[in-house]
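Guide: Please indicate the part of the model that you wish to examine closely.

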Amino acid sequence: WNIEASTGSPNFVAPSGPNKVGLVEMVAFKDAVGVATTLDTTPPNFTIQGTAASEDRILISLAMDEPGTAWCRAVRRGSAIPQALEVLETAFASAVAAPGLLTEVNVTAQDVLGQPLQRGTDYEVYCYAQDILCLGCATPSGSSAQAVLDSKTLVRTADATAPQLRVLAAESVARDKIQLTLQVDEGSKVWCAAWEAEPTGMASNYEALIKGAAAT
């Protein structure tokens with residue numbers, strides 16, 4: 001077109017360069033478009049950094065790669081793997097304010113009814129993460145079923161409580177034998193011993209004395 005105009009019109013003067021909009025027009029266009037935010041439909045990634053357990057609770061430390069919320073649930077080892085909604089329904093959650101920031105989820109029950117965790121018990125912990133609802137998104141993005149499955153972490157609650165012992169029966173079954181029927185509230189090993197009179201040092205050394213002379 002430049003060649004045709006140059007040869008066909010004596011009044012045409014070829015420009016030194018292409019015509020372009022100025023800064024004022026560019027700023028006006030920017031203002032007309034406004035702020036545009038891209039959608040975030042990718043679920044957040046999360047990593048479990050560690051766990052700690054007492055007799056009645058499990059603490060899960062985790063980090064996410066974007067702000068959001070993490071939920072965790074503990075089920076007895078060997079139980080069915082919980083679905084995402086089953087992890088959410090127990091409501092053991094913690095907000096994550098920034099990427100990489102550690103947060104702790106405190107799990108104190110094993111179901112939505114609030115059944116307490118049992119001491120000295122093996123649990124499988126599963127977690128689910130969800131990001132913050134982005135501008136223009138219909139729903140927040142949450143972990144997939146595979147991500148929930150991959151989060152499986154084995155934890156055993158502590159047991160610092162002595163077993164409760166109950167004597168059901170005590171009888172002499174021979175001239176040199178006494179038979180005791182006992183009941184304990186958890187798996188235990190029981191030692192029993194008998195003397196005609198309390199041996200010396202029982203108050204301070206009862207464990208060694210009983211185990212040293214015991215039937216189990």
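Visitor: I should like a close look at a single residue and its surroundings. Does Cys127 count as buried or exposed, and at what relative accessibility?

Guide: The model is a predicted one, in which local features need pLDDT of at least 70 and side-chain atom pairs count only at pLDDT 80 or more, whereas totals for chains, interfaces and linings use all residues. Residues are numbered from 1 along each chain as its sequence is written, and side-chain values use heavy atoms, leaving out hydrogens and water.

Cys127 counts as buried, because its relative accessibility is 0%. Here buried means under 20% relative accessible area, exposed over 50% and partly exposed in between, with a 1.4 Å probe and protein chains only. Cys127 is joined to Cys72 by a disulfide, with an S to S distance of 2.0 Å; the criterion is a pair of cysteine sulfur atoms within 2.5 Å. The structure holds 1 disulfide. The two cysteines are 55 residues apart, Cys72 in strand β3 and Cys127 in strand β6, so the pair links distant parts of the chain. Strands (E, at least two residues) and helices (H or I, at least four) are DSSP runs, numbered from the N terminus. The torsion about the S-S bond is about 100 degrees, so the disulfide is right-handed. Cys72 also counts as buried, because its relative accessibility is 0%. By contrast, Cys192 counts as partly exposed at 26%.

An aromatic contact joins these two strands as well. A search of the whole structure finds 1 aromatic pair, where a pair requires ring centres within 6.5 Å for Phe, Tyr and Trp (its six-membered ring), and planes under 30 degrees apart count as stacked, over 60 as edge-to-face and the rest as tilted. The rings are those of Trp71 and Tyr128; their centres are 6.0 Å apart and their planes stand at 55 degrees, so the pair is tilted. Because Trp71 belongs to strand β3 and Tyr128 to strand β6, the pair ties together parts that are 57 residues apart in sequence. Both Trp71 and Tyr128 are buried.

Cys72 has a further role in the packing. The largest nonpolar core has 19 residues, and Cys72 is among those with the most contacts inside it, together with Ile58, Ile60, Leu62 and Val125. Such a core is a set of buried Ala, Val, Leu, Ile, Met, Phe, Trp, Tyr and Cys residues joined through side-chain atoms within 4.5 Å. At least two of its residues come from each of β2 (58–64), β3 (68–76), β5 (103–107) and β6 (122–131). A second, separate core of 6 residues includes Val75, Tyr126, Tyr128 and Val148. Leaving aside residues up to four places away in sequence, Ile58 touches several residues, including Ala74, Val105, Tyr123, Val125 and Val155, contact meaning heavy atoms within 4.5 Å.

Strand β6 also has a partner in β7. The two pair in the antiparallel sense over 4 bridges, pairing being assigned if DSSP finds at least two bridges between strands. Leu154 in β7 is the bridge partner of Glu124. The side chains alternate along β7 (residues 153–156): Thr153 and Val155 are buried and point to one face, while Leu154 and Arg156 point to the other and are not buried.

Helix α2 offers a contrast with these buried cysteines. Among its 11 residues the count of buried residues is 0, and α2 is hardly covered.
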